[in-house]
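Here's a quick tour of a structure you haven't met yet. Take a look at it, then read on for the main points.

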Amino acid sequence: PLQEREPPRAPDDALHGLRVLCLDNDPEILAGMRALLGRWGVETSCAATVDDALLLTAGQPEVLLVDYHLHDRLDGLDALDALRMACGDIPGALLTADGSDTLKRNARLRGYRLLTKPVKPASLRAYLASVRG
């Protein structure tokens with residue numbers, strides 16, 4: 001008798017080719033983001049400082065993922081604003097362990113999603129998929 005086999009699945013390419021710019025002062029976080037996003041086919045640019053991130057906007061990112069506590073001249077919200085000024089009104093998410101209502105409200109008022117650290121891959125993927133829409 002013939003056994004029914006599950007048809008082969010096409011690779012999930014919902015995020016393939018999406019251009020994401022990540023800004024975080026922690027090199028281990030950046031390496032982890034690059035690895036995770038790379039598995040999803042996302043083209044990832046990483047920067048450890050606001051100024052480095054601004055140099056990467058020439059690559060026309062489609063999404064910004066920015067840590068809140070950058071220990072830089074700007075915090076994450078101001079960095080998102082500066083990056084949006086450089087590359088247009090694109091979606092951005094603030095990544096932070098600070099889940100205070102004030103920060104959530106400020107992020108929302110400025111048009112950013114807040115993703116709480118440690119960011120769950122499923123939450124990040126859902127956010128990126130919603131952006132790609």
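In helix α3, the buried residues (under 20% relative accessible area with a 1.4 Å probe, protein chains only) are Gly76, Leu77, Ala79, Leu80, Leu83, Arg84 and Cys87. Looking down the α3 axis, these buried residues fall within an arc of 155°, so they line one face of the helix; the arc is taken from the directions from the helix axis to the C-beta atoms.

This is a predicted model, so local features need pLDDT of at least 70 and side-chain atom pairs count only at pLDDT 80 or more, while totals for chains, interfaces and linings use all residues. Residues are numbered from 1 along each chain as its sequence is written, and side-chain values use heavy atoms, leaving out hydrogens and water.

**Around helix α3**
- Helices here are DSSP runs of H or I with at least four residues, and strands are E runs of at least two, numbered from the N terminus.
- Among the elements covering the buried residues of α3 are β1, α2 (50–56), β3, β4 and α4 (101–109), with contact meaning heavy atoms within 4.5 Å.
- Right after α3, Gly88 has a positive phi of about 95°.

**The sheet**
- Five strands make an open sheet, ordered β2-β1-β3-β4-β5, and the pairing is parallel; strands pair if DSSP finds at least two bridges between them.
- At the edges sit β2 (43–47) and β5 (113–116), each pairing on one side only.
- Strand β4 (residues 92–96) is joined to β5 by four bridges, and Ala93 stands opposite Arg113 in β5.

Note on methods
Buried means under 20% relative accessible area, exposed over 50%, partly exposed in between (1.4 Å probe, protein chains only).
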